[in-house]
Amino acid sequence: MRPLDATDWFAPRHIGPSPAERDDMLQAIGAASLDALIDEAIPSSIRLTKPLNLPPAESEHEYLQRLTAVAARNKVFRSYIGLGYHDTITPSVILRMVMENPGWYTPYTPYQAEIAQGRLESLVNFQTMVADLTGMEIANASLLDEATAAAEAMTLLHRVRTSKDAAGARPRFLVSDTCLPQTLDVVRGRALPLGIDVEIIPTESMTFKVVDGATPFGILLQYPDASGLVTDLRPLIARAREAGALVAVGADLLSLALLTPPGEMGADVVYGNSQRFGVPLGYGGPHAAFFATRNAFVRQVPGRIIGVSVDAQGHRAYRMALATREQHIRREKATSNICTAQALLANMAAMYGVYHGADGLRAIAGRVHALARILAGELGKLGYRQTNTHYFDTLRVEVPTGVDAIRSRALAAGINFRYMDDRTIGIALNETASTSDVRDIIGVFSGSPFKGELTDSDEAAAGVIPVSHRRTSAFMTHPVFGTHRSETQMMRYIRGLERKDIGLDTSMIPLGSCTMKLNAASEMLPVTWPQFGRMHPFVPADQAQGYAEVVRDLESALCEITGFAAVSLQPNSGAQGEYAGLIVIRAHHHARGEQHRDVVLIPASAHGTNPATAAMAGMRVVVVATASNGNVDVADLRAKATEHRDRLACLMITYPSTHGVFEDEIRTICHIVHEHGGQVYMDGANMNAQVGLTSPASIGADVCHLNLHKTFAIPHGGGGPGMGPIGVAKHLAPYLPSHPVVPCGGDQGVSAISAAPWGSASILLISYGYIRMLGADGATDATRYAILNANYVKARLEKHYPVLYARTNGRVAHELIFDLRPFKSAGVEEMDVAKRLMDYGFHAPTVSFPVAGTLMVEPTESEDKAQLDAFCDAMIQIRREIEEVVNGKADRANNVLKHAPHTAEVVSATDWPHPYTREEAAFPLPFVKAKKVWPAVGRIDNPYGDRNLFCSCPPLDTFES
């Protein structure tokens, strides 16, 4: 650090323990120094021999000043490109109180629903809004982006298909060539390893005849299509259904305020992007895709569905329904590898719907449509032919003399259109457009400023959206969409929901394998700067030079940190990163003529997304046993690598392991795989224990994904967003993902993995800021302190709870597992401890992963000693409470653990039917009184919610009895 240049250095603000606290913690651990502890935790054979070569650390002010100049290199034009992305107006109350609010962006996925009722209620609002607008029966709580949602629609239709094909016939899926180009590429790529034949053809050419023994099991349509044309889908859907084919439709959500929804036309799945509901463009993301379908397919829906249940007192309560932990349970048989998606952005879109209501959405859609209609009329007067017979907001304009002159004038006016070919221009208007913008567009086409009157007519309106295409059904009729019209009402509604949840703004979230570290304000601020937020992902490259610099610098830094030759920033979640890594490995084998390599070895302790991803990549999973010490059973690995040597594609391994230990034999493990012809994929979930000390390349891996929402400080957002870029060794770099609209990736790049070329580009700024403000020393210290904090928690708690796994010298990496199985004989289970922690004001650690009956704790480097001590004090007091049950002092059923969490209503009720005191229930330790967090509901009845599945806004009188 440079003391005369600044005092606002980031590292001391990001890393929790002070030097004095560090020394006290080391004494408790029994380590001579922090360096000595690291030497004991990490095998010397894989340690880096020199410091990271990263730019020097910048102070917070210095970073933000420099980034201001970088942002100025982006040219924020008025973009009317469309293709699934539209500029929008984010209501200030939503921008400030949701998107920029740590109460909304720092919580984790709502596995502990009792302390997540606020965002769960909001996600139910999202599901209700989507189901209503699409005309479908049920919707999920978001997917990653529109293109991957289309791919999920394809695989759902394939799973539920009823058509019978001849033996050995490849399944066929018809896709309209008027779908979005990024959708076409992602769907085609996703189908390839699954053996599905995707036929991209004109809609009017779709037939359902038997070809090569197979009839199409489904079709994919766009509404309005990529050019903006609105057509009546009913005849085609009817023909498809008659032939036994199912139908998925990609829809523009705002258009459905005016147009007949696909659900009313007979669609089986409706998907799309909710971005234009108040979510900034962000150069491609993050945005919440939506996915709606029929009740009959609810158990096949990818992602999360929020349902309504009851708590222990019979009150209404929200929780994740059905497939809450599907990947862990079903592994390679899971419906999807998607773990969480875009909860923060779904909540923004939901709040947009709540604030505007149905009338507001009709007004916005009506105004945008009217402006498009007026523009079409005025361009017609200039002699230009608009070829979309029916449309919502997008015009397709023929320019017989060529588009070059108009393009030049448009760029000079700060306007982007979509240039569909050298004689056709697409113009997609949006909520931000005004009559002034329409005048400017007319001026660009005419070559001179437009000074006339803008005219419209009822006759024109009737023709553009005929009666047969107009929506007549009501939508968003629940009172929540009609109550919060003033900003005062909206502010209080948002804040009321926020108060029901625990985020990092409340207390530490010690979730193992989740890395709930600080999401610093200086990292977050630039995300909503207009120079970054209002960029369409498909603008010309010279308009996005600021983003290009950030991407270039971040890729370089991640290459240095991983030791790899190249990085792709396209995957927009950890699960997508896993998929991208395996698809790149697959491409490498195919390029070498080894298409037969399809076996993937996966340790039994792996995260459930690993086998789910392998199945999506068309690979066959072979499980490797776990040794008694929790490490990979090397003998079993060697035996299975030998057995499958002719078909071995790769090993998927997490390092340090999901058991929280740096395994000494990791290089041997990688060597075994390599000598049998396979590649090594390292799951980067635990990268927070590696940065600056070791690396994926050092252990012998060929590819890894990085969870930027873990190690590199992107917030979890209550269940997304995330980013999962992959790093690869030199021999895999040619196969990095490409994109059909914006050139990127390797020269033999696989199909696009995500809808946008750099995934959720705007939140890359967070990880970029994290690295630039920490620098090499700070980033390495973050790892060291993460390991320190985990070993300190171990030192304090190991006398009270058995630690399941550690190195032979007793050290753990950045997380550790406490074994609660010995208490089961007394009737106390891990979930009782998880719920009881809520009474102390803490979110529970990870429950029953990777070992059933355990709690996995990851404190991260951001927590100071006082917070770690408070958590440990709570755990020790809970151990005393367990002991009272074990020794019979407390009733086996009526005890403080079984009835946790205790709500304010329960504690203040006249009736108190428990042998323990109210104070023991609500204020078990002195520190709790000063910072009491009251759970919004009592313990939720999960089986009731699955037996009585209800996934939209409940009527106000529901469950009152």
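**Exercises on a predicted model**

In strand β10, Ala-317 is the bridge partner of Ser-309. The model is predicted, with local features requiring pLDDT of at least 70 and side-chain atom pairs pLDDT 80 or more, while totals for chains, interfaces and linings use all residues. Residues are numbered from 1 along each chain as its sequence is written, and side-chain values use heavy atoms, without hydrogens and water.

**Exercise 1.** Determine how β9 and β10 are joined, and whether the residues of β9 are buried or exposed.

*Solution.* Step 1: strands are DSSP runs (E, at least two residues; helices are H or I, at least four), numbered from the N terminus. Six bridges join β9 to β10 (residues 316-321), and the two run antiparallel; strands count as paired if DSSP finds at least two bridges between them.
Step 2: five residues lie between the strands of this hairpin, where Gly-314 takes a positive phi near 85°.
Step 3: Ile-305, Gly-307 and Ser-309 point one way from β9, and Ile-306, Val-308 and Val-310 the other way; all are buried (under 20% relative accessible area, with exposed over 50% and partly exposed in between; 1.4 Å probe, protein chains only).
Step 4: because six of the six residues of β9 (residues 305-310) are buried, the strand is largely enclosed by the rest of the structure.

**Exercise 2.** State the strand order of the open seven-stranded sheet and place helix α23 against it.

*Solution.* Step 1: the order is β15-β21-β20-β19-β18-β16-β17, with mixed pairing.
Step 2: β15 (566-568) and β17 (620-624) are the edge strands, each pairing on one side only.
Step 3: β16 (residues 599-603) and β17 run parallel and are joined by five bridges; Leu-601 has Val-622 of β17 as its bridge partner.
Step 4: helix α23 (residues 609-616) lies across β16, β17, β18 (648-654) and β19 (679-683), at about 175° to β16. Contact means heavy atoms within 4.5 Å; axes are lines fitted to C-alpha atoms, for helices over the stretch in contact, and angles run from 0 to 180 degrees between N-to-C directions.

**Exercise 3.** Identify the residues that touch the most other members of the largest nonpolar core.

*Solution.* Step 1: a nonpolar core is a set of buried Ala, Val, Leu, Ile, Met, Phe, Trp, Tyr and Cys residues joined through side-chain atoms within 4.5 Å.
Step 2: among the 240 residues of the largest core, these are Phe-417, Ile-427, Leu-429 and Phe-445.
Step 3: helix α13 (residues 343-381) supplies the largest share of this core, 22 residues.
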